[in-house]
Amino acid sequence: QVQLVESGGGLVQPGGSLRLSCAASGITFSLNVMGWYRQAPGKQRELVADITSGGGANYADSVKGRFTISRDNFKNTVYLQMNRLKPEDTAVYYCNTVPLPLRIGGRNFWGQGTQVTVSS
């Protein structure tokens, strides 16, 4: 069974840091480009970072220079180090395959995500 389990979110002050983790199972992890997405209330889900099996990374302009994506293919885990957090980073964060989200039975599959709240 395919499973994506995000963790590491929480409540932090502006300027603070968090490190998110995503444990994947049921896929050939090392062969997939993986990414972190986020969705804030009332807004569409957006891709904020992705990483190839070899470690090449891309970032949305809104997070470039502040976020770092990494992966451990042996542990089947993707990480997102978030520094200098801003209130506008508040969202539920999800991991998934890129460019298309993981598909099960012809339908896109998403995990539960992890809530990140940046507030004073």
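Visitor: Why is Trp-110 called partly exposed?

Guide: Trp-110 has a relative accessibility of 22%, and since buried means under 20% relative accessible area, exposed means over 50% and partly exposed is what lies in between (1.4 Å probe, protein chains only), Trp-110 counts as partly exposed. This is a predicted model, in which local features need pLDDT of at least 70 and side-chain atom pairs count only at pLDDT 80 or more, while totals for chains, interfaces and linings use all residues. Residues are numbered from 1 along each chain as its sequence is written, and side-chain values use heavy atoms, with hydrogens and water left out.

Visitor: How many aromatic pairs does the structure hold, and what makes Tyr-37 and Trp-110 one of them?

Guide: There are two aromatic pairs. In the pair of Tyr-37 and Trp-110 the ring centres are 5.0 Å apart and the planes are at 90 degrees; rings of Phe, Tyr and Trp (its six-membered ring) pair if their centres lie within 6.5 Å, with planes under 30 degrees apart counted as stacked, over 60 as edge-to-face and the rest as tilted, so this pair is edge-to-face. Tyr-37 lies in strand S4 (residues 33-39) and Trp-110 in the loop between strand S11 (107-108) and strand S12 (114-118), so that the pair links parts of the chain 73 residues apart; strands (E, at least two residues) and helices (H or I, at least four) are DSSP runs, numbered from the N terminus.

Visitor: Is Tyr-37 buried or exposed, and how do you know?

Guide: With a relative accessibility of 8%, Tyr-37 falls on the buried side of the limit already given, and therefore counts as buried.

Visitor: What makes Tyr-94 and Trp-110 an edge-to-face pair?

Guide: Their centres are 5.9 Å apart and their planes stand at 75 degrees, so both the distance and the angle meet the criteria above. Tyr-94 is in strand S9 (residues 91-98), 16 residues from Trp-110, and because its relative accessible area is 12%, Tyr-94 is buried. Together Tyr-37, Tyr-94 and Trp-110 form one aromatic cluster.

Visitor: How do you know that Arg-45 lies over the face of Tyr-94?

Guide: A charge sits over a ring if NZ of Lys or CZ of Arg is within 6 Å of the ring centre and within 35 degrees of the ring normal; Arg-45 is at 4.9 Å from the ring centre of Tyr-94 and lies over its face. Arg-71 likewise lies over the face of Phe-29, at 4.6 Å from the ring centre.
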